[in-house]
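Student: I'd like to go through this model and ask how each label was earned. Can we start with the overall picture and then pick on single residues?

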Amino acid sequence: MSFPRIIQFHDINQDDAVGGKASGLARLIDMQLYVPPGFVILDAEPGNYPAKLEQNYLALGGGKVAVRSSAIGEDSAGASFAGQYETILDVDGIEELQAAIDQCLNSTVNERASAYRSDQTSLGNVPMAIVVQEMVNAKSAGVLFTVDPVSNRRDHMVIDAVKGTGEKLVSGEATPDHYVFDRSKGKLITKELTGNKSILNPDNFRQLIKESQKAEQIAGEPLDMEWAIDEDGDICWLQARPITTLSSDLNELDTTLPTPDQIYTKCNVSEALPGALCPLTHSVTGQGLEIGMQRVLMDVDLLDKEQEQWIMFGSFYGHLFINMSGLALTPRKVLGTSADDMSLAVCGRVIPELDQQVDVPPLKERLPRIIKHIKTVLSGKKQRQRLQELADTLELPQQNTVLEQWQMIDTTMEPLHAAHHAHLVSSMGAGMMAPLLLGILAKGQTPTDEHHMQVAALLAGAEDVESADIAKGATDIQQLLLKQPHIRERFINVSAPEAYSYLRSSDSGAAGKAFFNYLKRHGHRSISEMDIRIKEWASDPMPLIESLQIPLKGMIDQEQTAVRPATSIDSLSNEKILAEQNFVVKKLVGIAHKAIRGREASKSLLVKVKQKYKAAYRQLGQMMVAEGLITDNDQLYFFTHQELGELIRSQNTEMLKQADMRRKALDQQQNLTFPDVFTGVPTPVKPDLDKIPADQLVKGKTVSRGKVMGHAKIARTVAEAQKLEAGDILIAPITDVAWTPYFSLIGGLVTDIGSSVSHGAVVAREYGLPAIVKTDIGTQTFKDGDVVILDANEGYVRIATEQEAKIFHKKSSQPGNAAAA
């Protein structure tokens, strides 16, 4: 039988079962942070107190104390138990102390604590220690998180403060002043006050930040800390526990900067890899693109050998960015020209700082590089042949053991790196043509919006473009489906698997045959098709089927009997613009069309090669699940390629915890947005409402001319595109190949980023859809249902006037109108 006993805070050691809260206070004391004096009671039961309870209480001064629970498992890394057990403040006198101890002890079996313990832990009924601590005469109090537990930002620190004691804050009864700091600089980023004056002053902030960072460093993990500031302005620490809700560090797999002044962009690369990447894609596709681009530099003698450090791309917060400072080496150190054309091609705008970063060497030094550069650009056809050969002959057969399967992938990485290099070389010509045409039309001056519109018109009409065939093929399938009897009941208003079964049946007729022929041609494509985690349509056709169903439903609902692009209410002839150009421009337009075809073909072949690696990794995942090395197939993607090899060899299943934390982090990373161009490590941005113009007119770059009015629909992912209806104006951050079937439904396209050769631009021109890109704030400015006018002749989208909206609603109410919404 154990007898109740007392241990002073400073006498607690790691072998004492004093519970989470008391252990935390002991650690704070060991860190040499000030903790109000007190003691912990062990082995007590209601009505049965330690013999020297009153003596120890009087040693604290005999005044007011706080009585708190300190259960085993409480305030641990697994579960905080915040608010589940009792805390009693301002306890005064021995009788009140005894009653408070009984109340805390009884809280171990209360309903809310028992339910929490059952949900969050494997603990049964647990021993309860009791903390008795001198009450702080608090002027203010609060909580401090050494990292942001909501956004998971490890570079942020969060402080909440209230006047008086912190109990109302912890219980949720009081709204605090809320402060967010940049950890590295100690700079206040966000301040939300409940009154006219801040509860805390600069000295309070400095001391809280300094002491909490010291505690975190010693603890070796992020902390959730409670504090109070007494009437003398001294900080008293009341609690420290691990933050239990964190995922992995959002910056865990960040690459290092070659130099702090490197300029990066999300433009271009976000078309193929929108959003955040899983670790496996980071280490396979990200690394492949980096190696491929380094080899392009080696082709022109700008690099002697491949570097381990990423110098052409950057990965931050799980997102991939192009290093524009690295790309500027070619125009500056090879061609001796400005980097303006290159930045126009990639970002849709000039970045003047690039020329300042890279000096132009003398012609004598550049001449050999110029010759090699010309040879590299002219080798595009040869590189596509190389890609075709890889797509046709590369095999990654399934192996007998998990280790052999990983080793097979590992030793076959070189063909993938070669494929990335071949695609990048094959794409160089297309990247050069739009800026070249702009320069000619602008006659050496800064290109105007009119020049951008003219180039967009000239680039339209390229024949046999892969992405255009994806669009046309989807349209052909939809057209055939519209001719089928009972199509609503058999295809449109059923689940995707049921619709797929219909297409496989003979009842689907020509539509089914067209669908499976389409899969033969484009089954290797998908949304985010460069992402190793995403299945291609051939392996999972359900996303493709859903993207066919939604437009068809809109067409039938609007009594539309044929699939057709929306008709613009004011369009200009691309042929007329071409006819007005001189011989040189016409010749260059032909070359540009050929280059665009080459780029699209090589991208398709690269994706086809990558499909083989996707399949090999899926096989590896199935084998690892079967052997108990991972818990589910998807967990595979939250290791890097090298970590998978380490896990297979060591069979250290502790590594699975980190993978699960990364999976949790990916959801948070996906919600982050960044400037389109930035220097150094980016800071995620929130929508800047001050940038939204009062008249809600947003300008962009025209990539396909025309003018149309319709309902705005904001779709940040292809899944959100399912809400589109016939004639809607699609406003999205960017589009990729998976959005293509919706182009037969929409009336126009607006994207936050992009260029004249981005996916949305190419397909919009094929469909004759008015389109503008690089609005920056389109998705922030408008909301679903707004009646907007997209004027791609002038390069803007705006809210329709009341009179314009009335006219639109009157016209759209007519049956069969494709613009009805």
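Tutor: Sure, and keep in mind that this is a predicted model. Let's begin with a loop: His 486 sits between helix H19 (466–482) and helix H20 (487–492).

Student: Why is His 486 called exposed?

Tutor: Its relative accessible area is 60%, and the label exposed needs over 50%, so His 486 qualifies.

Student: What makes the backbone of His 486 worth a look?

Tutor: His 486 has a positive phi of about 55°, and it is not a glycine. Most residues other than glycine have a negative phi. Asn 268 is another non-glycine with a positive phi, of about 75°.

Student: Where is Asn 268, and why is it called partly exposed?

Tutor: Asn 268 is in the loop between strand S12 (263–265) and helix H7 (269–272). Its relative accessible area is 43%; partly exposed covers the range between under 20% and over 50%, so Asn 268 gets that label. Asn 517, in helix H22 (residues 509–522), has a value of 40%, so the label is again partly exposed. Its C-alpha is 9.3 Å from that of Gly 473, with the two positions 44 residues apart in sequence numbering.

Student: What about Ile 311: why is it called buried with 18% relative accessibility?

Tutor: Buried means under 20%, and 18% is under that, so Ile 311 counts as buried. Ile 311 belongs to the loop between helix H8 (279–299) and strand S13 (313–316).

Student: Which residues does Ile 311 touch, apart from its sequence neighbours?

Tutor: Leaving aside neighbours within four places in sequence, Ile 311 is in contact with Pro 258, Glu 290, Gln 294, Leu 297, Leu 303, Asn 323 and Gly 326. As for Glu 290, its C-alpha is 7.5 Å from that of Ile 311, and the two are 21 residues apart along the chain.

Student: How do you know that Thr 779 is buried?

Tutor: Thr 779 has a relative accessible area of 7%, which is under the 20% cut-off, so buried is the right word. Thr 779 is part of helix H29 (residues 778–781). Beyond four places in sequence, its contacts are Ile 714, Arg 716, Ile 731, Ala 732, Pro 733 and Asp 752.

Student: And what makes Phe 808 buried?

Tutor: Its relative accessibility is 4%, under 20%, so Phe 808 counts as buried too. Phe 808 lies in helix H30 (residues 802–812), and its C-alpha is 9.4 Å from that of His 711, a residue 97 places away in sequence.

Student: How do you know that there are zero disulfides?

Tutor: A disulfide needs two cysteine sulfur atoms within 2.5 Å, and by that rule the count is zero. As for cysteines, Cys 104 has a relative accessible area of 0% and Cys 278 has 1%; both values are under 20%, so these two are buried.

Student: Which residues touch the most other members of the largest nonpolar core?

Tutor: Met 324, Tyr 617, Leu 620 and Met 624 do, in a core of 79 residues. Helix H25 (residues 583–626) gives the most to this core, with ten residues. A second, separate core has 48 residues, including Ile 492, Tyr 500, Leu 745 and Ala 771. Nonpolar side chains in soluble globular proteins tend to be buried together.

Student: Why is the crossing of H14 and H16 worth a description, and what is its hand?

Tutor: The axes of helix H14 (residues 380–393) and helix H16 (residues 413–426) come within 8 Å and cross at roughly 150°. The crossing is left-handed. Among the residues that meet are Arg 384 and Leu 387 in H14, and Ala 418 and His 421 in H16. The contact's residues divide into seven nonpolar, five polar and two charged.

Student: How many helices and strands are there, and how much of the chain counts as buried?

Tutor: There are 30 helices and 23 strands, and 55% of the 821 residues count as buried.

Key
Residues numbered from 1 in each chain as written. Predicted model: local features only at pLDDT ≥ 70, side-chain atom pairs only at ≥ 80, totals over all residues. Heavy atoms only, no water. Axes fitted to C-alpha atoms, helices over the stretch in contact; angles between N-to-C directions. Helix = DSSP H or I, 4+ residues; strand = E, 2+ residues; numbered from the N terminus. Left-handed = near helix turned anticlockwise from the far one by under 90°. Contact = heavy atoms within 4.5 Å. Nonpolar A, V, L, I, M, F, W, Y, C, P; charged D, E, K, R; others polar. Buried < 20%, exposed > 50% of the residue type's maximum accessible area, 1.4 Å probe, protein only. Core = buried A, V, L, I, M, F, W, Y, C linked by side-chain atoms within 4.5 Å.
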